[in-house]
Amino acid sequence: MMEKATEEKRRRDVSFGEMYTWHEGMEWNPVERVILERRSVRRYKEEQVPEKLVRRVLEAGRFAPSAGNSQPWKFIVIRDPGMLEEMEKYVRLRCRLLKFLLDWESSPLGRLSWFLSQVYIRLMPNELHPIPFGAIRLIADGKLRLFHGAPTVILVLMDRRGVSKPQVDVGICGQNMVLAAHSLGLGTCWVGFVELFKFGTKWKRKLGIKWPYRLMEGIALGYPVGEPDGMVARELHEIDWWEDGRKRAVF
Ligand SMILES: Cc1cc2nc3c(=O)[nH]c(=O)nc-3n(C[C@H](O)[C@H](O)[C@H](O)COP(=O)(O)O)c2cc1C
């Protein structure tokens with residue numbers, strides 16, 4: 001039995017090259033490379049992704065860990081160009097409304113718009129950061145497409161009955177899919193703006209989003225055009241490292 005397991009592991013090590021092992025000076029292994037090289041893709045070819053490939057990506061999501069193994073997710077795959085276009089249109093209109101109400105620099109409402117934005121920020125402090133707000137402007141003005149022209153979109157829903165913090169499980173599940181897609185030569189982009197569908201009764205009905213599910217994120221999926229946007233800088237956060245009875249700060 002033991003021999004069989006060792007043989008199995010040896011075969012895996014051979015086919016995966018430098019996997020399941022580490023030595024000083026070793027190159028990044030394939031998994032690390034996929035993690036480090038993945039970028040958000042915002043330009044896609046028209047060519048559709050074969051269904052089999054999408055299913056492989058979904059499979060990576062299905063195998064994500066979750067608290068209590070509750071697997072609190074559900075996927076909706078949309079590959080209908082007309083429907084994706086309708087969804088884009090809906091979000092564009094919503095963004096126009098948000099721009100009109102909250103963008104005090106351009107809104108004809110003037111000071112009232114500044115006041116409304118302050119109320120909005122207090123009520124939803126995570127929603128009006130400068131970058132997403134800049135994207136609201138771009139979507140409203142037709143300069144940025146919601147799904148970036150991707151031919152396939154995976155909506156990730158959260159089962160609110162999940163154990164403990166199902167939001168975390170859903171995030172891990174999505175990241176599994178995004179990394180698997182990258183490893184298969186596909187491009188992805190998370191699309192947080194699908195949040196705006198929660199205001200659209202028509203869309204919620206059409207997509208069948210109801211208790212216990214909540215629409216959390218979208219993942220645009222397709223073959224990338226050219227190279228992605230390039231490396232995005234990451235902060236080097238200080239790490240508190242406890243060892244031998246004392247704390248060190250490391251980076
Ligand atoms: C939860 C989440 C939501 C996001 N929503 C959007 C979005 O709506 N539109 C978009 O273009 N990018 C979106 N992004 C992509 C981020 O902007 C991107 O991951 C970040 O700038 C880092 O760049 P990188 O993915 O290329 O490393 C989202 C990312 C995450 C994790």
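This is a short walk through one chain, from its overall layout to two helix contacts, the ligand shell and a few single residues.

Please keep in mind that the model is predicted.

I'll start with the whole chain. There are eight helices and six strands. In sequence order the pattern reads α-α-α-β-α-α-α-β-α-β-α-β-β-β. If you lay the C-alpha trace along its principal axes, the spans come to about 75 × 50 × 40 Å. The chain has 251 residues, and 23% of them count as buried. As for contacts, take those with a separation of 6 or more: 74% of them join residues 24 or more positions apart.

Now the helix pairs. The first pair is H3, residues 51-62, and H7, residues 166-183. Their axes come within 7 Å and cross at roughly 145°. The crossing of H3 and H7 is right-handed. On the H3 side, the contact is made by Arg 56, Val 57, Leu 58, Ala 60 and Gly 61. H7 contributes Cys 173, Gly 174, Asn 176, Met 177, Ala 180 and Ala 181. By class, that contact of H3 with H7 holds seven nonpolar residues, three polar and one charged.

Let me stay with one residue of that contact, Gly 61, which sits in helix H3. Is Gly 61 buried or exposed? It has 23 C-beta neighbours inside 10 Å, so it counts as buried; the cut-off for buried is 20 or more. Setting aside neighbours within four places in sequence, Gly 61 touches Trp 73, Phe 75, Cys 173, Gly 174, Asn 176 and Met 177. Of these, Cys 173, Gly 174, Asn 176 and Met 177 belong to the H7 side of the helix contact I just listed. Trp 73 and Phe 75 fall in strand E1, which runs over 73-78. For a long distance from the same residue, take Asp 244: Gly 61 and Asp 244 are 183 residues apart in sequence, and their C-alpha atoms are 39 Å apart in space.

The second pair is H4, residues 81-102, with H6, residues 130-140. Here the axes are 8 Å apart and the angle is about 120°. That makes H4 and H6 oblique to each other, because angles of 65 to 115 degrees count as roughly perpendicular and this one lies outside that range. The crossing of H4 and H6 is left-handed. In H4 the residues involved are Val 91, Arg 92, Cys 95, Arg 96, Leu 98 and Lys 99. They meet Ile 136, Arg 137, Ile 139 and Ala 140 in H6. The contact of H4 with H6 divides into six nonpolar residues, no polar ones and four charged.

Next, the ligand. Which residues come nearest to the ligand? There are 11 residues around it, and the nearest are Arg 39, Ser 40, Trp 190, Gly 192 and Val 232. The largest share of the shell, three residues, comes from strand E3, residues 187-191. By class, the shell has five nonpolar, two polar and four charged residues.

That leaves some backbone details in the loops. One is a cis peptide bond, from Trp 211 to Pro 212, with omega near 5°. Pro 212 lies in the loop between helix H8, 201-207, and strand E4, 213-222.

Then there are two positive phi values in residues other than glycine. Asn 69 has phi near 50°, and His 148 has phi near 55°. Where do they lie? Asn 69 is in the loop between H3 and strand E1, while His 148 is in the loop between H6 and strand E2, 152-159. Their surroundings are as follows. Asn 69 has 8 C-beta neighbours inside 10 Å and therefore counts as exposed. His 148 has 20 such neighbours and therefore counts as buried; that value sits on the cut-off, since 20 or more is what buried requires.

The last residue is Tyr 20, in the loop between helix H1, 2-15, and helix H2, 30-37. Tyr 20 has 10 C-beta neighbours inside 10 Å, so it counts as exposed. Tyr 20 and Val 156 are 136 residues apart along the chain, and their C-alpha atoms are separated by 30 Å.

That is the end of the tour.

Note on methods:
Residues are numbered from 1 along each chain as its sequence is written. This is a predicted model: local features need pLDDT of at least 70, side-chain atom pairs count only at pLDDT 80 or more; totals for chains, interfaces and linings use all residues. Axes are lines fitted to C-alpha atoms, for helices over the stretch in contact, and angles run from 0 to 180 degrees between N-to-C directions. Helices (H or I, at least four residues) and strands (E, at least two) are DSSP runs, numbered from the N terminus. Angles under 35 degrees count as roughly parallel, over 145 as roughly antiparallel, 65 to 115 as roughly perpendicular and the rest as oblique. A crossing is left-handed if the near helix is turned anticlockwise from the far one by less than a right angle, and right-handed if clockwise. Two residues are in contact if their C-beta atoms, placed from the backbone, lie within 7 Å. Ala, Val, Leu, Ile, Met, Phe, Trp, Tyr, Cys and Pro count as nonpolar, Asp, Glu, Lys and Arg as charged, and the others, Gly among them, as polar. A residue is near a molecule or strand if its C-beta atom, placed from the backbone, lies within 6 Å of it. A residue is buried if 20 or more other C-beta atoms lie within 10 Å of its own, exposed if 12 or fewer, and partly exposed in between; C-beta atoms are placed from the backbone.
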